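Trainee: Could you take me through the salt bridges of this model one at a time, and say how far the side chains that form them are open to the surface? I would like one connected account.

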Amino acid sequence: MHTYVRAIEKVASRYAPSRLLSFGAVHVFVALQLMHVRGRASRDALCKELALGEGAVKTLVKHMKMNGMIETSNGGTKMTAKGRGIFEGLASAIPSEAGLPRSSAALGRYNYAVILREFGFAIKSGIERARRGDKDGSDGRDHAHVPRRVVRHPGQRARRAEKRAGAEKRT
């Protein structure tokens, strides 16, 4: 897992003395996720989905291409085998994700939650603050390690009902 995280962090870092990048590792992951879902993604689609400008997306595509994650053509950008491997490795640790409405617990402009499988050791306990500055469009990220029984993910109830229905059919 750490290898995959380092790979996307490498894409999101400067490789030579240059201006600060306006995208982060999360943008790299979401770009890979978009290409996984659609097969190909245009720069325009990346701009809209990542909420980045054309220049930032052009630089992001350049960095991803330099690291062998994608290939580009007139038909758009698609993942290479290396990019697919990195995405699948990361996605295997994220069994569920969802956008969150603004609330007293989620104060950011964009609120998003992921459930990480078997990463409690990395998150530790309680709420931790990761200071990322304005790089990812926020003033920081809150990470909460909460026991499963306390907080329910929006789609969890539906998945459990589907599992129960499938089990009842088998009996």
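Mentor: A residue counts as buried when its relative accessible area is under 20%, as exposed when it is over 50%, and as partly exposed in between. With that scale in hand, and bearing in mind that this is a predicted model, we can turn to the charged pairs. Side chains of opposite charge can pair when their charged atoms come close. A search of the whole structure finds three salt bridges.

Let us begin with the pair formed by Arg 38 and Glu 49, in which the closest N and O atoms are 3.6 Å apart. This salt bridge links distant parts of the chain, since Arg 38 belongs to helix 2 (residues 25–38) and Glu 49 to helix 3 (residues 43–50), with their positions eleven residues apart in the numbering. Arg 38 has a relative accessible area of 46% and is therefore partly exposed, and Glu 49, at 44%, is partly exposed because that value falls between the two limits.

Helix 3 also holds a pair of its own, in which the side chains of Lys 48 and Asp 44 meet in a salt bridge with an N to O distance of 3.2 Å. Both residues lie in helix 3, four residues apart, which is about one turn of the helix. Here the two partners fall into separate classes: Lys 48, with a relative accessibility of 63%, counts as exposed, whereas Asp 44, with a relative accessible area of 45%, is partly exposed.

The remaining pair joins Glu 71 to Lys 78, with 3.7 Å between the closest N and O atoms. Glu 71 is partly exposed at a relative accessible area of 39%, and Lys 78 also counts as partly exposed, at 28% relative accessibility.

For contrast, consider Phe 23, which sits in the loop between helix 1 (2–11) and helix 2 and counts as buried, with a relative accessibility of 1%. The C-alpha atom of Phe 23 is separated by 7.0 Å from that of Ala 56, although the two residues are 33 apart along the chain.

The helices that carry the charged pairs have a part in the interior as well. In the largest nonpolar core, which has 29 residues, those touching the most other members include Val 28, Leu 32 and Leu 46. Helix 2 and helix 3 are among the helices that each supply at least two residues of this core, and helix 2 gives the most to it, with six residues.

Technical notes
Residues are numbered from 1 along each chain as its sequence is written. This is a predicted model: local features need pLDDT of at least 70, side-chain atom pairs count only at pLDDT 80 or more; totals for chains, interfaces and linings use all residues. Side-chain values use heavy atoms; hydrogens and water are left out. A salt bridge is a side-chain nitrogen of Lys or Arg within 4 Å of a carboxyl oxygen of Asp or Glu. Buried means under 20% relative accessible area, exposed over 50%, partly exposed in between (1.4 Å probe, protein chains only). A nonpolar core is a set of buried Ala, Val, Leu, Ile, Met, Phe, Trp, Tyr and Cys residues joined through side-chain atoms within 4.5 Å.
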